[in-house]
Amino acid sequence: MDHKFNVKVNQSHTFQLSEEDINHLDISKHQSDSAHVLKDNKSFETKVVETNLNSKTYTVVVNGSDYKVTIEDELDQLIAKMGFAVGSSKKVNSVKAPMPGLILDIVVKEAQEVNEGDNLVILEAMKMENVITSPRDGVIKSISVSKTETVEKNQLLIEFE
């Protein structure tokens, strides 16, 4: 089955890519976060410099220019088509590490009010900085990790009141 993805760049340009489109690209990976891409006889140097797994957004540098990219898979598209807002009624009481890594920075403090999407923690994994954002509005009850601490996948990072 050929999967389809909606890709939005800088909140202004939207493209639909299929798995087949992606497989036809000539990609030479340099590291886990960078690659050289050939498309229509044009050369592109790419590097993912920031990843937000909650919102499926990425900052990608292409030939020296920064782009904010949002990727929706088929499930995201179906949820939007059905008129549901992802997480509109969610009551998340904690944030856990989405992958193993090293805590580079903790941006919030206990008792601080945060809004959905605010940066909470910066986690380095596979030489990439991943910004962990708040899944909801709320007040930070406790922070269970410290800067420079190594964490495992699903380890508790932050609890909300």
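# Exercises on a strand-rich model

An open sheet of four strands runs in the order 8-15-13-10, paired antiparallel. Strand 8 (94-96) and strand 10 (113-114) stand at its edges with a single partner strand each, so one side of each has no neighbour in the sheet. Here strands (E, at least two residues) and helices (H or I, at least four) are DSSP runs, numbered from the N terminus. Two strands pair if DSSP finds at least two bridges between them.

The model is predicted: local features need pLDDT of at least 70, side-chain atom pairs count only at pLDDT 80 or more, and totals for chains, interfaces and linings use all residues. Residues are numbered from 1 along each chain as its sequence is written, and side-chain values use heavy atoms, with hydrogens and water left out.

## Exercise 1: the whole protein

**Task.** Describe the protein by its secondary structure, its span and its buried share.

**Solution.**
- Step 1. Take the secondary structure: there are two helices and 15 strands.
- Step 2. Take the span: along its principal axes the C-alpha trace covers about 55 × 40 × 30 Å.
- Step 3. Define buried: under 20% relative accessible area, with exposed over 50% and partly exposed in between (1.4 Å probe, protein chains only).
- Step 4. Apply it: 29% of the 161 residues are buried.

## Exercise 2: pairing around strand 7

**Task.** Which way do strand 1 and strand 7 run, and how many bridges join them? Then treat strand 6 and strand 7 likewise.

**Solution.**
- Step 1. Recall the principle: strands of a sheet pair through backbone hydrogen bonds, either parallel or antiparallel.
- Step 2. Strand 1 (residues 4-9) and strand 7 (residues 65-72) run antiparallel, joined by four bridges. Lys8 has Thr70 of strand 7 as its bridge partner.
- Step 3. Strand 6 (residues 57-62) also pairs with strand 7 in the antiparallel sense, over six bridges. Val62 is bridged to Ser65.
- Step 4. Look at the link: strand 6 and strand 7 form a hairpin with two residues between them. Asn63 in the turn has a positive phi of about 50 degrees.

## Exercise 3: buried or exposed?

**Task.** Is Ser18 buried or exposed? Is Glu152 buried or exposed?

**Solution.**
- Step 1. Place Ser18: it belongs to strand 2 (residues 13-18).
- Step 2. Its relative accessible area is 7%, so Ser18 is buried.
- Step 3. List its contacts (heavy atoms within 4.5 Å). Beyond residues up to four places away in sequence, Ser18 touches Asp2, His3 and Lys4.
- Step 4. Place Glu152: it sits in the loop between strand 14 (150-151) and strand 15.
- Step 5. Its relative accessible area is 52%, so Glu152 is exposed.
- Step 6. Exposed Glu152 still has contacts outside its neighbours within four places: Ala97, Met99 and Pro100.

## Exercise 4: strand 15 and the core

**Task.** Where does Ile158 fit in the sheet and in the largest nonpolar core?

**Solution.**
- Step 1. Strand 13 (residues 138-143) and strand 15 (residues 156-160) run antiparallel, with three bridges. Ile158 is the bridge partner of Ile143.
- Step 2. Define the core: buried Ala, Val, Leu, Ile, Met, Phe, Trp, Tyr and Cys residues joined through side-chain atoms within 4.5 Å.
- Step 3. The largest core has 17 residues, and Ile158 is one of those with the most contacts inside it. Strand 11 (119-125) and strand 15 each supply at least two of its residues. Strand 11 gives the most, with four.
- Step 4. Check the neighbours: beyond four places in sequence, the contacts of Ile158 include Val95, Leu120 and Ile140.
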